[in-house]
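I open this notebook to record what I looked up in the structure shown below. The entries go from the model as a whole to single residues.

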Amino acid sequence: MSLTLLNVIVAVVIAIAFAAANAAYLVWAERRGAARIQRRPGPNINGPFGLLQPPLDGIKLMTKQLMIPGGADKILFMVAPVLAMAPAIMSFVTIPFSEGIAAHNMELGVLVIFAFASMGAMAILFAGWGSRNKYSVMASVRAVSQNVSYEIPMLITAITVVMTTGSMDLKAISMAQSGGFWHWNIFPSLHSPLMPISFIIFFICSLAETNRAPFDLGEAESELVAGFHTEYGSMGFGLFFMGEYANIVIGASLTTILFLGGWDCPFGMFPGVWWFLLKIYLLIATFIWIRWTFPRTTIYGLLNLSWKILIPISLFNLLLTAGLLKVF
Amino acid sequence: MGGYFSDIFYGSKSLLIGMGITFREFFKPTVTVQYPYQTIKMSARFRGHIELIADEEGKPKCVACGMCQRACPSGCISLDSVSVDIEVDGKVKKKKVLSKYDLDFTKCSLCGQCVENCNFGAIDFSKEYNLASTRKEDFHFNLLKRLEERNA
């Protein structure tokens with residue numbers, strides 16, 4: 001009993017540490033990457049290559065006072081940042097990093113992760129509503145409508161992958177793709193020739209689900225001050241920020257497991273967790289690259305993309321896959 | 001229906017072109033000047049506050065004629081002179097020597113009338129631009145003292 005409790009505590013601590021370290025250093029990577037794209041050096045003063053910037057930012061955020069605006073709904077205002085961060089950490093529990101490295105492998109891993117991911121929209125809604133600020137409410141309404149509309153194509157493509165594997169177990173999905181890159185789901189297979197397009201749809205949806213540029217309507221600085229976290233300072237803001245980056249890691253992990261073969265090596269060499277990490281960090285680098293390339297879309301463009309393009313194509317792929325699975 | 005797919009195709013293509021551009025920019029060298037550590041050289045015609053020019057001996061070239069003071073539309077230059085006896089070729093001569101040259105930079109509009117009116121090339125614009133201060137007195141420059149400091 002005590003041993004299992006200890007195991008749980010160790011797993012939770014590792015999950016939190018991994019999420020926090022990723023959040024901190026992805027901010028650094030993002031700032032450096034953005035700076036390189038804009039041909040400036042980025043944070044480079046604190047430590048070698050500015051590597052001490054994230055802890056210093058953290059100290060700065062933690063030493064600030066958490067202000068609650070006068071008219072705000074105190075409970076919702078306090079709950080929202082926690083609700084943004086906690087599901088993100090919880091999702092790490094089900095993600096298998098390698099054959100042996102997973103905090104707790106569940107048979108319904110895909111479902112669990114999507115269930116936790118959908119709580120992120122609630123955090124944004126609470127934050128916007130609780131702040132009692134017009135900008136925040138408008139931003140959260142936008143963000144929620146965006147999250148709802150992008151969850152549909154994301155789930156449809158996930159269902160397509162689940163159908164081909166016949167399992168919702170993330171580990172089983174990864175194992176089914178092992179044995180070289182031609183077994184990965186991203187490549188057109190017998191199951192469905194449209195899999196590369198499904199991968200792109202899933203990737204776009206995970207961009208939109210994490211509320212990142214070019215889909216960061218929820219925090220459109222040019223129109224809505226800072227969106228749903230306008231009224232947040234101190235670690236309240238910090239938690240939103242960390243939650244966003246933890247969600248990016250989860251989105252990249254899920255994309256890797258569903259489409260890029262998880263921890264499978266493309267050439268069957270050096271199997272291990274590093275292939276998984278390499279793949280997720282490549283995907284995250286693409287996230288950052290996309291963010292600093294494209295301007296923000298309009299809310300109509302955003303919803304049209306989902307409802308008129310992504311959902312029909314992913315539905316078509318679902319039907320095609322189902323038909324091909326039935327035939328062969 | 002044809003427009004639908006061509007929209008998707010050309011839209012995706014333009015997105016990829018944009019990503020190609022940022023990818024290339026990523027590997028180009030940075031162009032920013034790291035300001036406190038690096039500074040750029042001011043251009044030849046940059047106008048800072050005026051500064052006295054020294055001759056070969058390090059003394060000001062200024063003969064204290066006061067043309068600059070009279071030319072200044074803002075009245076921000078005030079100078080004074082004393083006559084001293086100097087020996088030239090065995091004879092004692094009286095000569096005006098600059099004893100005070102104050103610039104009130106709070107009033108200066110950098111019009112350059114003083115520099116243009118100087119017949120001896122004794123004043124010129126400095127390239128100084130780090131002049132932030134919270135006190136007004138910091139902009140009352142004693143140019144003679146500054147010249148000595150530069151000589152030292």
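The entries below take confidence, each chain, the contact, the cores and one loop residue in turn.

**Entry 1. Confidence.** I note at the outset that this is a predicted model. I looked up the overall scores and found ipTM 0.73 and pTM 0.78. For chain B, I read an average pLDDT of 86, with 99% of the residues scoring at least 70.

**Entry 2. Chain A.** I looked up the secondary structure of chain A and found 11 helices and 0 strands. Read along the sequence, I therefore wrote its pattern as α-α-α-α-α-α-α-α-α-α-α, with no strand assigned. I then turned to its dimensions: the C-alpha trace of chain A spans about 65 × 50 × 50 Å along its principal axes. The radius of gyration of chain A is 20 Å, which agrees with the value near 20 Å that a compact globule of 328 residues would have. I also recorded that 43% of the 328 residues of chain A count as buried. Among the contacts in chain A with a separation of 6 or more, 77% join residues 24 or more positions apart.

**Entry 3. Chain B.** I counted 4 helices and 5 strands in chain B. From the N terminus on, I read the order of its elements as α-β-α-β-β-α-β-β-α. What radius of gyration does chain B have, against that of a compact globule of 152 residues? I found 28 Å for chain B, where the globule would have a value near 15 Å. The C-alpha trace of chain B spans about 105 × 30 × 30 Å along its principal axes. I looked up burial as well, and buried residues make up 14% of the 152 residues in chain B. Of the contacts in chain B with a separation of 6 or more, 71% are between residues 24 or more positions apart.

**Entry 4. Domains of chain B.** I consulted the domain assignment of chain B, which gives domain 1 as 1-31 and domain 2 as 50-151. I noted that the C-alpha centres of domain 1 and domain 2 of chain B lie 60 Å apart.

**Entry 5. Contact between the chains.** I asked how many residues each chain brings to the contact. Chain A contributes 10 residues and chain B contributes 11 residues. On the side of chain A that touches chain B, I listed 6 nonpolar, 1 polar and 3 charged residues.

**Entry 6. Nonpolar cores.** As general background, I recalled that nonpolar side chains tend to be buried together in soluble globular proteins. In this model, the largest nonpolar core has 74 residues, and Ala246(A) and Ile284(A) have the most contacts inside it. Helix H9 (residues 234-259) of chain A gives the most to this core, with 14 residues. I then noted a second, separate core of 19 residues, which includes Ile77(B), Cys114(B), Leu143(B) and Leu147(B).

I went back to Ala246(A) to ask which residues it touches, not counting those up to four places away in sequence. The residues I found in contact with Ala246(A) are Ala19(A), Asn22(A), Ala23(A), Met85(A), Ala88(A) and Ile89(A).

**Entry 7. Leu110(B).** I located Leu110(B) in the loop between strand E3 (91-104) and helix H3 (113-117) of chain B. Is Leu110(B) buried, exposed or partly exposed? I classed Leu110(B) as partly exposed because it has 13 C-beta neighbours inside 10 Å, whereas a buried residue needs 20 or more and an exposed one has 12 or fewer. Finally, I looked up the separation of Leu110(B) from Asp138(B), which lies 28 residues away along the chain. The C-alpha atoms of Leu110(B) and Asp138(B) are separated by 17 Å.

Terms used: Residues numbered from 1 in each chain as written. Chains lettered and ligands numbered in written order. Predicted model: local features only at pLDDT ≥ 70, side-chain atom pairs only at ≥ 80, totals over all residues. Helix = DSSP H or I, 4+ residues; strand = E, 2+ residues; numbered from the N terminus. Rg over C-alpha atoms; globule rule 2.2 N^0.38 Å. Contact = placed C-beta atoms within 7 Å. Nonpolar A, V, L, I, M, F, W, Y, C, P; charged D, E, K, R; others polar. Domains from an automatic or database assignment. Core = buried A, V, L, I, M, F, W, Y, C linked by C-beta atoms within 7 Å. pLDDT = per-residue confidence, 0-100.
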